[in-house]
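Work through the exercises below with the structure on screen. Try each task before reading its solution.

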Amino acid sequence: MQSVFSSLKQRISFCFQTLREHVLRWIKPPATSLALGTIVDLTRNKTELLAENALLRQQLLILHRQIKRPVCQKTDRFLLVLLVRMVRFWKEALFLVQPETLLRWHRELFRLFWKRKSKAHARKTKLSSETINLIKEMAANNRLWGAERIRGELLKLDIHASKRTIQKYMKPIRLKQPHGQTWKTFLRNHAGLGMGL
């Protein structure tokens, strides 16, 4: 009974292997000779042929640029990734780089694209010069107010600013002014009060 199962298993695996080889042969373009390659090219549309031609030409430009070992610059990587997207049999058209390398470049470009796009949305609107002057004036005239208090006062005027932004504009104003009163100022302000007692 076990021998029947093993022979059946071998026949099924042989059938799958044969089917796989036929599918791979059917998918791969028959470019064994110039005539067959030309016939296959006649069935492809003009856009795909132009993209493949541009892909091959870009690789030739990279080869002519270097004598010993060709080095792909960022623009070359971008062009190769872009052109590969338009060619159906792109793996057969690659000569300078491995398909895995090209896929890695594609992932890097994709990551950079989304990183840049997400940063563009994260940027906040800049404050107007009037708002900045108002923050500086509030910080100068109200020494005991912190950034949170100034933020609250700005919100009453329907001006939205983060605490960090307010602190950035408060800092130079607070550094110019001395911390608290000097003894001289204190005595001058309170000298008249002691005599009334």
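The surface that the protein exposes comes to about 16700 Å², and carbon and sulfur atoms supply 61% of it. The model is a predicted one.

**Exercise 1. The overall build**

Task: State how many helices and strands the protein has, and what share of its residues is buried.

Solution.
Step 1. Count the elements: the protein has nine helices and zero strands. Read from the N terminus, the order is α-α-α-α-α-α-α-α-α.
Step 2. Turn to burial. Of the 197 residues, 22% count as buried.
Step 3. Look at contacts with a separation of 6 or more. Residues 24 or more positions apart account for 54% of these.

**Exercise 2. A nonpolar patch**

Task: Find the residues that form a nonpolar patch on the surface, and give their accessible area together.

Solution.
Step 1. The members are Met1, Phe5, Leu8, Ile12, Phe16 and Leu19.
Step 2. Together they have about 700 Å² of accessible area.
Step 3. Place one of them: leucine 19 belongs to helix 1, which covers residues 2-27.

**Exercise 3. Glutamine 59**

Task: Decide whether glutamine 59 is buried or exposed, and list what it touches.

Solution.
Step 1. Locate the residue: glutamine 59 sits in helix 3 (residues 46-65).
Step 2. Apply the cut-off. Buried means under 20% relative accessible area. Glutamine 59 has 3%, so it is buried.
Step 3. Leave out residues up to four places away in sequence; glutamine 59 then touches Leu80, Ala93, Leu94, Phe95 and Leu96.

**Exercise 4. Salt bridges**

Task: Describe the salt bridge of arginine 104, then the network that contains Glu153.

Solution.
Step 1. A search of the whole structure gives four salt bridges.
Step 2. Arginine 104 pairs with glutamate 108, and their closest N and O atoms are 3.7 Å apart.
Step 3. Check the spacing. Arginine 104 and glutamate 108 are four residues apart in helix 5 (residues 99-122), so about one helical turn separates them. In an α-helix there are 3.6 residues a turn, so residues three or four places apart point the same way.
Step 4. Compare with the cut-offs for accessibility: arginine 104, at 39%, is partly exposed, and glutamate 108, at 31%, is partly exposed.
Step 5. Move to helix 7, where glutamate 153 and arginine 149 lie four residues apart. Their salt bridge has its closest N and O atoms 3.2 Å apart.
Step 6. Glutamate 153 also meets lysine 156 in a salt bridge, at 3.3 Å from N to O. These two are three residues apart in helix 7, so the separation is about one helical turn.
Step 7. Join the pairs: Arg149, Glu153 and Lys156 are linked in a network of salt bridges.
Step 8. Sort the members by accessibility. Glutamate 153 is buried at 16%, arginine 149 is partly exposed at 42%, and lysine 156 is exposed at 65%.

**Exercise 5. Helix 8**

Task: Give the span of helix 8, locate its kink and say what its buried residues pack against.

Solution.
Step 1. Helix 8 (residues 163-176) has 14 residues. From first C-alpha to last it reaches 20 Å, close to the 20 Å expected at 1.5 Å a residue.
Step 2. The kink, of about 35°, is at methionine 170, shortly before proline 172.
Step 3. The buried residues in helix 8 are Ile166, Tyr169, Met170, Ile173 and Arg174.
Step 4. The buried residues of helix 8 pack against helix 6 (129-141) and helix 7 (147-156).

Note on methods:
Residues are numbered from 1 along each chain as its sequence is written. This is a predicted model: local features need pLDDT of at least 70, side-chain atom pairs count only at pLDDT 80 or more; totals for chains, interfaces and linings use all residues. Side-chain values use heavy atoms; hydrogens and water are left out. The expected span of a helix is 1.5 Å times one less than its number of residues. The bend at a residue is the angle between axes fitted to the seven residues ending there and the seven starting there. Buried means under 20% relative accessible area, exposed over 50%, partly exposed in between (1.4 Å probe, protein chains only). Contact means heavy atoms within 4.5 Å. Accessible areas come from the Shrake-Rupley method with a 1.4 Å probe; for residues, only the protein chains shown count as cover. Patches are made of residues with over 30% relative accessible area and no salt bridge: like charges are joined within 9 Å, nonpolar side chains (Val, Leu, Ile, Met, Phe, Trp, Tyr) within 5 Å. A salt bridge is a side-chain nitrogen of Lys or Arg within 4 Å of a carboxyl oxygen of Asp or Glu.
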